[in-house]
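These are my notebook entries on a chain that I was asked to look through. I set down each item in the order in which I looked it up.

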Amino acid sequence: MISEVKFFTEIFEDFLSLDNNFYENELWKSHSIIKLMQVSDELEDKKILEEGLKIIINLCRFKECGDLLDSYEIESHSLGELAESEKTLLGSILKAEFT
């Protein structure tokens, strides 16, 4: 019987070893889902199947187009694009945090 920890460790290690290549990312996703389905009979907790699928899909979102994405970077804006009132507010927040 394979443990959940061992299974997830294997797919995470495979994910981390991928090159920045869209094709490899898609292959990893397919192989991970196949591997999950193959071990699903051996898993004690059947909820792990559902959670495993969610984890695999979420990891793929981090690596769209082969590049790791920073979710904070996607939603961030240049300081030059902020209005003066927003710059002032940001400045006061940073001063309060770091002084």
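**Entry 1: a glutamate in helix H3**

Is Glu51 buried, partly exposed or exposed? I looked up its relative accessible area, which is 35%, so I entered Glu51 as partly exposed. I should record here that the model is a predicted one. I then looked for a charged partner and found that the side chain of Glu51 forms a salt bridge with that of Lys54, at 3.7 Å from N to O. Both residues belong to helix H3 and are three residues apart, about one turn of the helix. Lys54 is also partly exposed, at 42% relative accessibility.

**Entry 2: the other salt bridges**

I searched the whole structure for salt bridges and obtained five. One of them joins the side chains of Glu10 and Lys35, with 3.7 Å between N and O. Glu10 is in helix H1 and Lys35 is in helix H2, 25 residues apart, and I noted that this pair links distant parts of the chain. Lys35 also meets the side chain of Asp14 in a salt bridge, at 3.6 Å from N to O. Since Asp14 lies in helix H1 and Lys35 in helix H2, this pair ties together parts that are 21 residues apart in sequence.

I checked the exposure of the three residues in turn. Glu10 is partly exposed at 26% relative accessible area, Lys35 is partly exposed at 25%, and Asp14 is partly exposed at 35%. Returning from Lys54 and Glu51, which both lie in helix H3, I recorded that salt bridges with shared partners join Glu10, Asp14 and Lys35 into one network.

**Entry 3: the nonpolar core**

Which residues make up the largest nonpolar core? I listed twelve: Phe7, Phe8, Ile11, Phe15, Leu18, Trp28, Leu36, Val39, Ile48, Ile56, Leu59 and Cys60. Helix H1 (4-16), helix H2 (22-39) and helix H3 (47-62) each contribute at least two residues to this core. In soluble globular proteins, nonpolar side chains tend to be buried together. I looked at Cys60 more closely: leaving aside residues up to four places away in sequence, Cys60 touches Asn25, Trp28 and Lys29.

**Entry 4: the nonpolar surface**

I next looked for nonpolar residues on the surface. Leu90, Leu94 and Phe98 make a nonpolar surface patch of about 300 Å². Leu90 is found in helix H5, residues 84-98. With a relative accessible area of 30%, Leu90 is partly exposed. For the chain, I noted an accessible surface of about 7500 Å², of which 57% belongs to carbon and sulfur atoms.

**Entry 5: the chain overall**

How many helices and strands are there in the chain? I counted five helices and zero strands, and from the N terminus the order is α-α-α-α-α. The chain has 99 residues, and buried residues make up 20% of them. Of the contacts with a separation of 6 or more, 61% are between residues 24 or more positions apart.

**Entry 6: confidence**

I closed with the confidence scores. The average pLDDT of the chain is 76, and 77% of the residues score at least 70. Where is confidence lowest in the chain, and where is it highest? The lowest mean, 55, is in helix H4 (residues 71-75), and the highest, 85, is in H2. Where pLDDT is low, the predicted coordinates should not be read in detail.

Technical notes. Residues numbered from 1 in each chain as written. Predicted model: local features only at pLDDT ≥ 70, side-chain atom pairs only at ≥ 80, totals over all residues. Heavy atoms only, no water. Core = buried A, V, L, I, M, F, W, Y, C linked by side-chain atoms within 4.5 Å. Buried < 20%, exposed > 50% of the residue type's maximum accessible area, 1.4 Å probe, protein only. Helix = DSSP H or I, 4+ residues; strand = E, 2+ residues; numbered from the N terminus. Contact = heavy atoms within 4.5 Å. Patch = residues over 30% accessible without salt bridge, like charges linked within 9 Å, V, L, I, M, F, W, Y side chains within 5 Å. Areas by Shrake-Rupley, 256 points an atom, 1.4 Å probe, with all protein chains shown as cover. Salt bridge = Lys/Arg side-chain N within 4 Å of Asp/Glu carboxyl O. pLDDT = per-residue confidence, 0-100.
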